[in-house]
Amino acid sequence: MIRTILTISAAAALAHAAILDDFNRPDSNDLGPNWTVVAGGAGISGNRAYGLTSLSLVTYNGVSSSNAYADVYNVGTGLQYAAIVLGYSSESSNYFIKVQNQSGGTQFENYGFYYGNNGTGDAVFAGLNEGFSSARIWATYSGTTAWLYIDSDFDGNPDQQYSYTYGSPVSGSGVGLGFYGASQVDNFGVGEMAEIPEPGSFLLVLPALGALWFAWPRRR
């Protein structure tokens with residue numbers, strides 16, 4: 001019986017992870033074959049993704065979803081943002097939902113709902129209720145209304161929430177990332193907010209599950 005429980009627990013943890021890319025590979029000037037560069041470019045440094053040029057936008061190949069998440073990090077003190085791209089079909093037709101360091105401090109302090117690649121025609125840009133230097137952000141949309149959730153302590157419970165109703169729908173369903181400046185991103189994926197585990201949580205529990213598996217007496 002315990003083997004069945006352990007198997008179900010491990011499978012559930014894997015199913016809930018839904019991480020498409022953890023960027024845990026050697027430093028590079030590109031993200032690899034699973035990604036398409038739409039504008040600018042993106043690379044890997046220290047097992048995190050970052051933008052190579054201004055207004056960089058990349059999409060993940062073969063995945064359609066109305067939501068996506070990523071761990072975002074403010075690096076240094078320069079102007080920078082990290083964005084979730086939803087409903088992608090072209091560079092000018094997607095929901096571009098970002099957090100931004102506007103003043104050059106050490107934290108993200110603003111959020112934005114833009115249409116297109118950091119576009120300004122249909123957008124809102126405002127201050128966060130509370131700044132942060134790192135967090136898991138999750139973005140989703142239904143119809144023309146989009147939501148941004150911020151989980152600054154990575155416990156699965158967002159401590160900030162924002163929404164915006166766009167004037168135009170998206171025409172696609174692709175997902176991706178946007179970058180400007182020195183910001184970095186880790187653990188990009190899709191899934192519901194409640195299903196997203198803390199970084200590495202499954203890897204921490206897996207050895208314990210394995211130990212219990214082999215320690216349990218086997219029937220002869």
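1. Let's begin with β11 and β12 in this predicted model. The two strands run antiparallel, and seven bridges join them. At one of the paired positions, R136 stands opposite D151 in β12. The hairpin of β11 and β12 has two residues between the strands, and G143 there takes a positive phi near 65°.

2. β11 has another neighbour to look at. Seven bridges also join β6 to β11, again in an antiparallel arrangement. Here you can pick out Y73, which stands opposite S134 in β11. As for its surroundings, β11 is mostly covered, with seven of its nine residues buried.

3. How many salt bridges does a search of the whole structure find? The count is two. In one of them R136 pairs with D71, and the closest N and O atoms are 2.6 Å apart. This pair links distant parts of the chain, since R136 belongs to strand β11 (residues 134-142) and D71 to strand β6 (residues 67-73), 65 residues apart. Are these two residues buried or exposed? R136 is buried, and D71 is buried as well. As a reminder, side chains of opposite charge can pair when their charged atoms come close.

4. The other salt bridge is formed by R25 and D21, with 2.7 Å between the closest N and O atoms. Its two ends are worth viewing one at a time. R25 has 28% relative accessibility, so this arginine counts as partly exposed. D21 has a relative accessible area of 5% and is therefore buried, because buried means under 20%.

5. Two backbone angles deserve a look, because most residues other than glycine have a negative phi. F23 is not a glycine, yet its phi is positive, near 60°. You will find F23 in the loop between β1 (19-21) and β2 (35-39). Its relative accessibility is 0%, so F23 counts as buried. N187 is also a non-glycine residue with a positive phi, in this case about 50°. N187 lies in strand β15 (residues 184-189). With 8% relative accessibility, N187 counts as buried.

6. Now turn to β8, a good strand to trace by eye. It spans residues 93-101 and is mostly covered: nine of its nine residues are buried. In a regular strand the side chains alternate between the two faces of the sheet. Which residues of β8 are buried on each side? On one side they are S93, Y95, I97, V99 and N101, and on the other N94, F96, K98 and Q100, so both faces are covered.

7. What does β8 pair with? One partner is strand β7 (residues 80-90), which pairs with β8 in the antiparallel sense over eight bridges. To find your place in this pairing, start from A82, whose bridge partner in β8 is V99. A hairpin through two residues joins β7 to β8.

8. Strand β9 (residues 108-115) pairs with β8 too, in the antiparallel sense and over six bridges. A handy landmark is K98, whose bridge partner in β9 is G112. The hairpin of β8 and β9 has six residues between the strands. Within that hairpin, G104 takes a positive phi near 90°.

9. A short stop at G127, found in strand β10 (residues 124-132). G127 has a relative accessible area of 43%, which means this glycine is partly exposed. How far apart are G127 and Y111 in sequence and in space? They are 16 residues apart in sequence and 6.3 Å apart in space, C-alpha to C-alpha.

10. Finally, a point about charge on the surface. Which residues gather in a patch of negative charge there? They are E130, D153, D155 and D159. One of them, D155, lies in the loop between β12 (145-151) and β13 (160-165). D155 has a relative accessible area of 38% and is therefore partly exposed. That value fits its place in the patch, because patches are made of residues with over 30% relative accessible area and no salt bridge.

Methods. Residues numbered from 1 in each chain as written. Predicted model: local features only at pLDDT ≥ 70, side-chain atom pairs only at ≥ 80, totals over all residues. Heavy atoms only, no water. Patch = residues over 30% accessible without salt bridge, like charges linked within 9 Å, V, L, I, M, F, W, Y side chains within 5 Å. Areas by Shrake-Rupley, 256 points an atom, 1.4 Å probe, with all protein chains shown as cover. Salt bridge = Lys/Arg side-chain N within 4 Å of Asp/Glu carboxyl O. Lys, Arg positive; Asp, Glu negative; His and termini not counted. Charge placed at Lys NZ, Arg CZ, Asp CG, Glu CD. Helix = DSSP H or I, 4+ residues; strand = E, 2+ residues; numbered from the N terminus. Buried < 20%, exposed > 50% of the residue type's maximum accessible area, 1.4 Å probe, protein only. Pairing = 2+ DSSP bridges.
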